[in-house]
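Reader: Hello! I would like a close look at a single part of this model, and then a walk outward from there.

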Amino acid sequence: MALLLKNAHVIDPQVGLNEEGCEILIRDGVIVEVGHGLSMAKGVERDLGGKVVVPGLVDIHVHLRDPGQEYKEDIESGTRAAAHGGFTDICCMPNTNPIIDTGSVVEYVASKAAKVGKCRVHVSGACTKGEKGEALSEMGDMVAHGAVMFTDDGRGVQDAGMMRRVMDYAAQFGKAVSSHCQDESLVGKGQINEGAVSTRLGLLGWPAAGEEIQIARDIEISKLTGCPIHVQHLSSAHGLDLVRRGKEDGAKVTCEVTPHHMFLTEESIGDDYNTYFKVNPPLRTAEDAEAVVAGVIDGTVDCIVTDHAPHADHEKACEFELAPFGMTGIETSVGLVVDKLVRTGKITWERMIELMSVNPRRVIGIERVAIEPGSRADLTVIDPDLEWTVTPDCFESKSKNCGFTGWTITGRATDVYVGGYATMQDGAITSEPIHL
Amino acid sequence: MAFSHKHLIDIRDYSADDIALLLDTAERFRAINERRIKKVPVLKGYTVVNMFNEPSTRTRSSFEIAEKRLSCDTLNFGGSSTSTVKGESLDDTVETLCAYKIDMIVVRDKHAGVPRKVADKSGVSVIDAGDGKHQHPTQALLDLFTIREHLGRIDGLKVGIVGDVSHSRVCGSLVPALKTMGAHVTLVAPPTLLPPAPLALGADAVTSNLDEVLPELDVVYMLRIQQERLEGAPFPSLREYSMLFGLNERRDKLLRPEAIVCHPGPINRGVELDAFMADHPTRSVILDQVYAGVLVRMAALYLLLGGDESIS
């Protein structure tokens, strides 16, 4: 089947492309030609006037909650939400029930996602059995079933010696270890960032040092073992400095940040104790948020991810200290980045593509996608001028716990092509599963 | 002067005039409490639920007495029989209570922020009777009442609050209330019993040296060492705590002659206060605080449920 995308503003820094009124000809899921005045004998034409077309966006930090907590999200709703948010690929986290720590659970997630056919799903396996931090997981078996990365996300590996063993062992598979940095002896039952707001609200503090100490540790262990380390959901100015210094030293360190750590702060948590703002690591100070954005601008940050963490209404509608950590974000991320970073001129479209498409693929080691002949036709189409308001009924996700609810955002993904087939068209998820 | 509040949850929402009106109203209720028949019908027909989701003897007793003396119908809800223990959510519990057609909920909970959530969900008046480590506004009001009663004013006084500030919901309300009324507040505690940003509470100064500040103070407010709430052994022993931060006969000599000693109770005798200080005939105002608790809670119930200042 042939598809001709017409009249689009096509941008891809990998091939030095930034042209308006451009056309992309796709045949059998592969880009055949990119240029002006293209035509085809027979096929489907789409006029994308006013839209921006970029290499398919990738979110490498997503909680699909399946298996085990399907009332929060399942592979179908989660991948529909991913497509709705503008993503062609996601990487899901292993803290499900059971934990994804064997090849068979990797296989379950991958095969179910393929059946749903809305988004390419890559699987992060646990790096220790049961995410207990005590014994190595069967990483080799998981790699054989397609796992792309290893992490105990949701928890930090507490023992430095154990982390060293994990990274030594993972190195043989050429996979990165990604680290949820949280020293439990420092963080304890911390609820929100430790400081003035935690004092005022009478909530236990979660100090930034509890994150930074493991960032520093894991960079050193990466140097020791040679295994690449990917720092997850980095939230503090000093944590970012540690990564910056690590990169200067030549360490194989990469890092990711979330929209909520860029655009929300601890001050968002008001006297109503809104549990949507309870996330892990916590929202930090305005200075931290500014530093994180500065890292996005200057290149220290490699990826923007969402840490999409769905929770049911009844779990969030409760006492702040009893509520689970996490907010959803996969359907608001692209809009927020376009609105707050691209439209404001803080970053270029090219930089956004690096952060949300090129680098994420590189970190998890999957096939490069570029807007050039021969590449797989995984594309995201963005309307940079579309204004919309985040409301609870606008989500494909089963859960509504989004801290940006009520925000009016300019920009969103309208169409997503995976292997040349639309998973979303004009903002609506297509009905047929596509073959993945 | 109009009293415009529906809830008493965050003392920082109250202006100096609001607080003064509450204290003056409490003073007017004193006469009722001195009579043989200690009951007036001003809140007859109002239903108040005491929702105590955490063990409390003193605060709940004080609220109950205040409610009864104003002729409210009261329902004590909570303790070990709470539906929360049975797995019911806070929202469902509140909706159930509201279906009884009630007028006010007095909330005590071990989790910070619960009174606000109850207020948002229920739509009725809410009094925070202590939430986690956050606030305890009626405690602050009774403290102000007692201080004003003994020293004639609050404005310009030097108040030292000594002890476990980090676990103290009393501080969460008392410090801002004292500041609103013009006092100078110093927090005195070992660093391990201070919150991460103590000045965020509104205090003027923080120190770990009790002996150094005692001579300046008009009011020494001793916090209770809440042994049930201490995490991770924040001091080596009660003996050492008492040595560094306890008020005792030796330290009495450092105090100004007219200085008073407050304590929210219950006292750990021999820890934060020795018997000499706890029972000191002129300095210790601890039992006056208990009595003031009934008066200010009567005032809060009365004003929040729509009473005006004409009570006599």
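Reader: Which exposed residues does the face of α10(A) carry, turned away from its buried side?

Author: Happy to help. A word on the ground rules: this is a predicted model, in which local features need pLDDT of at least 70 and side-chain atom pairs count only at pLDDT 80 or more, while totals for chains, interfaces and linings use all residues. Residues are numbered from 1 along each chain as its sequence is written, and chains are lettered from A and ligands numbered from 1 in the order in which they are written.

The exposed residues on that face of α10(A) are A:Ala286, A:Glu287 and A:Asp298. A residue is called buried if 20 or more other C-beta atoms lie within 10 Å of its own, exposed if 12 or fewer, and partly exposed in between, with C-beta atoms placed from the backbone. The element names come from DSSP runs numbered from the N terminus: helices are H or I with at least four residues, strands are E with at least two.

Now for the other side of the helix. The buried residues of α10(A) are A:Asp288, A:Ala289, A:Ala291, A:Val292, A:Gly295 and A:Val296. Viewed down the helix axis, these buried residues fall within an arc of 160°, so they line one face of α10(A); the arc is that of the directions from the helix axis to the C-beta atoms. They pack against α8 (237–248), β14 (253–257), α9 (259–263), β15 (303–304), α12 (333–342) and α13 (349–364) of chain A. Contact here is between residues whose C-beta atoms, placed from the backbone, lie within 7 Å.

The length of α10(A) can be checked too. With 13 residues (286–298) at 1.5 Å a residue, the helix should span 18 Å, and its end C-alpha atoms are 18 Å apart, which agrees. The expected span is 1.5 Å times one less than the number of residues. Just after the helix, A:Gly299 takes a positive phi of about 100°.

Two of the packing partners also pack against each other. α12(A) and α13(A) do so at an angle of about 140°, with their axes 11 Å apart. That makes α12(A) oblique to α13(A): angles under 35 degrees count as roughly parallel, over 145 as roughly antiparallel, 65 to 115 as roughly perpendicular and the rest as oblique. The axes are lines fitted to C-alpha atoms, for helices over the stretch in contact, and the angles run from 0 to 180 degrees between N-to-C directions. Residues A:Val337, A:Leu341 and A:Val342 of α12(A) make the contact with A:Trp349, A:Met352 and A:Met356 of α13(A).

On the backbone side, most residues other than glycine have a negative phi, and most peptide bonds are trans. In the loop between α9 and α10 of chain A sits A:Tyr273, which has a positive phi of about 50° although it is not a glycine. A:Tyr273 is buried, with 27 other C-beta atoms within 10 Å. Chain A also has cis peptide bonds: one joins A:Asp66 and A:Pro67, with omega about 15°, and another runs from A:Asn97 to A:Pro98, with omega near 5°. A:Pro67 is found in the loop between β6 (57–62) and α1 (75–85) of chain A, and A:Pro98 in the loop between β7 (87–92) and α2 (103–116) of chain A.

Chain B offers a helix to set beside α10(A). In α7(B), 11 of its 12 residues are buried, so the helix is mostly covered. Those 12 residues (169–180) should span 16 Å at 1.5 Å a residue, and the end C-alpha atoms are 17 Å apart, which agrees. The buried residues of α7(B) pack against α1 (16–28), β4 (125–131), α6 (137–151), β5 (158–162) and β6 (184–188) of chain B. Just after α7(B), B:Gly182 takes a positive phi of about 95°.

Finally, the two chains meet: 23 residues of chain B are in contact with 20 residues of chain A. On the chain B side, the elements giving two or more residues are α4 (90–98), α5 (114–122) and α7 of chain B. The largest share of that side, four residues, comes from α5(B). α4(B) and α5(B) pack at an angle of about 50°, with their axes 10 Å apart, which makes α4(B) oblique to α5(B).
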